[in-house]
Amino acid sequence: MSRGLRDLNMLLNAYAQGIFPMAHDDGEIYWYDPDPRAILPLDKFYVSRSLARTVRQEKFEVKVNGDFRGTMLGCADREETWIDEQILAAYTGLNRHGFAHSVECWQDGELVGGLYGVALRGLFAGESMFSYRRDASKVALVHLVERLRERGFVLLDVQFPTEHLRRFGVITIPRAAYKAKLARAMMVEAVFAP
């Protein structure tokens, strides 16, 4: 296992500097600090009318940290993934120590979608999401943003932009602007769970 992943303090320090790991097909862990960086401004989060209706209908039971490992495995369940055993072990370690969290959607007792990420002071770094049922990951994202707002988080980092995330208001900003926002987030006392 990569030294940075074995040492949870080193991993958290990387996040505090805007750096995060991803596994590659060659078995190596690579560290990223993208420029530009994708963030979801919490005050500009956009929810479509149809998604708001789905949330109101409570089609899913939403849990926080109900099955963190299962959520990571759901996120890894795709043709190409950057989540390998090293990443799985490191982030389940962060979860045990209260730094990594999942927001999950359940239906009929089955985990059907969700997301996970790292919470560090006023930062939530979203890592990945998955959905086995229509809108499950979107509902999890709505609940994540509500929780972050309620608990005083100031920065939701989504790392890279996707068309899917742009629909919610994700923007890209230069690395220098991201680092300034990150520095402010590191001065904020915020607690994700319980």
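Which residue in the turn between strand 1 and strand 2 has a positive phi? In this predicted model, that residue is G27, with a phi of about 85°. The two strands make a hairpin, and 5 residues lie between them.

Let's stay with this hairpin for a moment. Strand 1 and strand 2 (residues 29-32) run antiparallel and are joined by 4 bridges. One residue to look for is F20, whose bridge partner in strand 2 is Y32. F20 and M22 point one way from strand 1, P21 and A23 point the other way, and all of them are buried.

Strand 1 also takes us to the largest nonpolar core, since it's among the elements that give two or more residues to that core. This core has 36 residues, and I87, Y91 and Y116 touch the most other members. Helix 5 gives the most, with 5 residues. Other elements giving two or more include helix 4 (68-76), strand 5 (100-107) and strand 6 (110-120). Try clicking on Y91: beyond its neighbours within four places in sequence, Y91 is in contact with L11, Y15, P21, F68, M72, A100, Y116, V118 and E127. There's also a second, separate core of 30 residues, which includes F45, V112, A140 and V170.

Now on to helix 8 (residues 175-185), where the buried residues are Y178, L182 and A185. They sit on the same side of the helix because they cover an arc of only 55° around its axis. An α-helix has 3.6 residues a turn, so residues three or four places apart point the same way. Among the elements covering the buried residues of helix 8 are helix 2 (8-16), strand 7 (123-131) and strand 8 (155-159).

How values were computed:
Residues are numbered from 1 along each chain as its sequence is written. This is a predicted model: local features need pLDDT of at least 70, side-chain atom pairs count only at pLDDT 80 or more; totals for chains, interfaces and linings use all residues. Side-chain values use heavy atoms; hydrogens and water are left out. Buried means under 20% relative accessible area, exposed over 50%, partly exposed in between (1.4 Å probe, protein chains only). The arc is that of the directions from the helix axis to the C-beta atoms. Contact means heavy atoms within 4.5 Å. A nonpolar core is a set of buried Ala, Val, Leu, Ile, Met, Phe, Trp, Tyr and Cys residues joined through side-chain atoms within 4.5 Å. Two strands pair if DSSP finds at least two bridges between them.
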